[in-house]
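Reader: I'd like a close look at one part of this structure, with enough of the rest to see where that part belongs. Please start with how its strands are arranged, and then work outward from there.

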Amino acid sequence: MSKKISRRQILGIGAAAIAGGALWAKEGQAKTHSGSAPYQSAAAQPKSQGGRSYWETTYSGGPVNVKPLPPGLPAKDYKPVVVPNGVALPFKIVDGVKIFHLIAEEVEHAFDSGLRAKCWGYNGRVNSTVIEAVEGERIRIYVTNRLPVATSVHWHGLYLPNGMDGVGGLTQPYIKAGETVKYEWTLRQHGTFMFHSHHDEMTQMGMGLIGMFVVHPRSPSSDYHVDRDFSLMISEWSIEAGTSRPNTLEMNDFNVLTINGKAFPSTAPLVCKTGDKVRIRLGNLGATDHHPMHIHGHHFRITATDGEDIPLSAQWPETTVLVAVGQTRTVEFIADAPGDWAFHCHMTHHVMNQMGHEFPNMVGMKPGDLDEKLRPLLPAYMTMGHTGMDMGKMAEVMPYPRNTISMKGATGPFGDYISMGGLFTIVKVRDRLKSYDQDPGWYEHPPGTVALKPNDADLSRDGIAVNERGGHSGKSMKH
Ligand SMILES: [Cu+2]
C-alpha cells in the first residue's frame, strides 16, 4: 500500500484539522493517513491553503484504494439527469458496489423518421446511453463486446487506476469480439465526463461508440440543485444520401449533426417551467468539428468543464459556449422567459441536414429556362441554390433516393418551414406544464408580441415608406 498522500488529501486533512478534526474523528478512522482513508468529497476541501495554490500536484495521483462510500441512490442522493432521446444505464448494487453492464453492439438507428443507418452503440442506443453515478462510490462496469471487431472503453476525464483507463493495447488487452471485460474503481470526483471506444477510434467512435458519464457530488451544496439537469452528447456523421452506413473515413464534410444521436426535427425539446434553474451538460465526441452552442433569449454561466467545477468568481456569462472535440462544458441558467427558444450550434453548416456542398454557386442567378434546356441531356437536372438553400417543405418531397433527410427541417407554428436541421433543438419554457415529459406544443404568444406586418397607422406615424429607396419618407427621423 502506498504511503504517498496527494496534496488534495493533505488539504483535506488540513481542513478537517481546522474544523477540529471532526470529519476524521466522526468516521472513526485511524490517525495514520494510510491509503484506506475514506473518500472525502471535494466540497469539504479548501481551494487554497496558506495563500498557496492548490494546483501544485494533480488530484488524480491519490491512492487508488480509498474506502468507498455507500452507493448513491436516485431521488435520495441525487436528482437524475434528463436525457432527451436517451436513457441512463440501469444499475444494481451488489455488496456495496454499483454494477453496470455496458453492451457494445450494432444498432439499427433512426437519426430522424426519414433516416436510418446501421451504427454501433451501447445497449441498443446510439450516443444516448448515459452512465450516472455518485462521487465516492465504487463502480464495477462489465463491458460485453457483441461487435464483430475488438474494442475497449475509455472513461474520459475520470481519475482511475491506469489499468482501468481503457486504451486498447496500451493499458489493457483488447476486448475481443464476444468477450466481456470488467472495469472497477472508486469515483474520486464529480462532474460531467464521457466514455468512448479507445480502439480504432476513427471507425468506432464514428460508428457511434460514445456516451456521457455524469458523476453527482456527494452531499452537494444548495447551489448544485437545479430543476432541470439535461445531458446532451454532440456528434457528427457522414451518411451519403440513399446509403445506410456512416462513412467513418470522412474527415471534414459531415452531413448529419446530432444531439444524443438525433438530428432536428427529431431532437426532443428541453422542456422547462418559467423560473426553473436549468443545467445543460454538453459533450462533444464528434470526429473533427467544435461546436459553438448558442441559446436564445437567455444567457448562461459556464459552471464546469470536464476538469472541474469553475468557482463562482470565475464563471463566465455567455450566450454561446464552444464545445470542442473531446470536451464537456456545463452551463446553467434561469429559464425565466417563456417561449420556444432555439438552442443550436452557431456553425451554419451544422444546422443543415444532409446537404451536399458540391454545387456550383448559383446565388443571385436567374435560371430562366435553363432547366428545360438541360433536361434532354440531364433528365434529373434542377437548378438549385439561386435563391439560397431554403427549399421549405419541398425538401421533404424532392426526388432524392430513399432514406434521406437532405435539407429537411420542420413546419413551424405559423405554417412556414423552419429551415434548420442537425444540431438544433428547442428550449420550451412555459408558465404552466402538464408534464416535463410531454412536448407542450408550440408557444402561444401573448397578443401583440410577434413580429408581424405593420399596419398603415404604424407606417404613417413612423414615416416609413416601404416603396421608396432609402426606406424613409420625406419626414425626418424621430429621435
Ligand atoms: Cu457545430
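**A five-strand sheet and its surroundings**

Author: Happy to! The part I'd pick is an open sheet of 5 strands, ordered β3-β7-β12-β11-β9, in which the pairing is mixed. At its edges stand β3 (87–88) and β9 (153–156); each has a single partner strand, so one side of each is left without a neighbour in the sheet. Please keep in mind throughout that this is a predicted model.

Let's look inside the sheet at β11 and β12. Strand β11 covers residues 191–197 and strand β12 covers residues 210–216; the two run antiparallel and are joined by 6 bridges. If you want a place to start in the viewer, find G191, whose bridge partner in β12 is V215.

Between β11 and helix α3 (201–206) there is a loop, and D200 sits in it. The backbone of D200 deserves a glance: its phi is near 45 degrees, a positive value in a residue other than glycine. Most residues other than glycine have a negative phi. With a relative accessible area of 41%, D200 is partly exposed.

You can find another positive phi just ahead of β7. N127, in the loop between β6 and β7, has a phi near 65 degrees, and this residue too is not a glycine. Is N127 buried or exposed? Its relative accessibility is 2%, so N127 counts as buried, whereas D200 is partly exposed.

What do the strands of this sheet contribute to the nonpolar interior? The largest nonpolar core has 26 residues, and those that touch the most other members are L102, I131, I141, W155, L158, W185 and F213. Two or more residues of this core come from each of β5 (97–112), β6 (115–122), β7 (129–134), β8 (138–145), β9, β10 (180–186), β11 and β12. Four of the names in that list, β7, β9, β11 and β12, also appear in the sheet order. In soluble globular proteins, nonpolar side chains tend to be buried together.

From here we can step outward. There is a second, separate core of 24 residues, which includes L232, V278, F300 and F343. There is also another open sheet made of 5 strands, with the order β15-β25-β22-β17-β20 and mixed pairing. Here β15 (270–273) and β20 (320–323) are the edge strands; each has a single partner strand, so one side of each lacks a neighbour in the sheet. From one strand to the next, the twist averages 20 degrees. At one end of the order, β15 runs parallel to strand β25 (residues 424–430), and 4 bridges join them. C272 stands opposite V429 in β25.

Leading up to β15 is a loop that starts after β14 (256–259), and P265 lies there. The peptide bond between F264 and P265 is cis, with omega about 10 degrees. Most peptide bonds are trans.

For a biochemist, the copper ion may be the stop to linger over. Its protein donors are H291 (ND1), C345 (SG) and H350 (ND1), at 1.9 to 2.0 Å from the ion. In sequence these donor residues follow the spacing H-x53-C-x4-H. H291 belongs to strand β17 (residues 291–295) and C345 to strand β22 (residues 339–345), so the pair ties together parts that lie 54 residues apart in sequence. Both strands are members of the sheet ordered β15-β25-β22-β17-β20. H291 and C345 are both buried.

One more group of strands is worth a look. Strand β18 (residues 300–305) runs antiparallel to strand β19 (residues 316–318), with 3 bridges joining them, and I302 stands opposite W316 in β19. β18 also runs antiparallel to strand β21 (residues 327–335), this time through 4 bridges. There, T305 stands opposite R329.

Finally, here is the wider setting. The protein contains 6 helices and 25 strands, and buried residues make up 48% of its 479 residues. Of the contacts between residues at least 6 apart in sequence, 73% join residues at least 24 apart. The exposed area is about 23,700 Å², with 57% of it supplied by carbon and sulfur atoms.

How values were computed:
Residues numbered from 1 in each chain as written. Predicted model: local features only at pLDDT ≥ 70, side-chain atom pairs only at ≥ 80, totals over all residues. Heavy atoms only, no water. Pairing = 2+ DSSP bridges. Core = buried A, V, L, I, M, F, W, Y, C linked by side-chain atoms within 4.5 Å. Buried < 20%, exposed > 50% of the residue type's maximum accessible area, 1.4 Å probe, protein only. Donors = N, O, S within 2.8 Å, 3.2 Å for Na, K, Ca; no water. Contact = heavy atoms within 4.5 Å. Areas by Shrake-Rupley, 256 points an atom, 1.4 Å probe, with all protein chains shown as cover. Axes fitted to C-alpha atoms, helices over the stretch in contact; angles between N-to-C directions.
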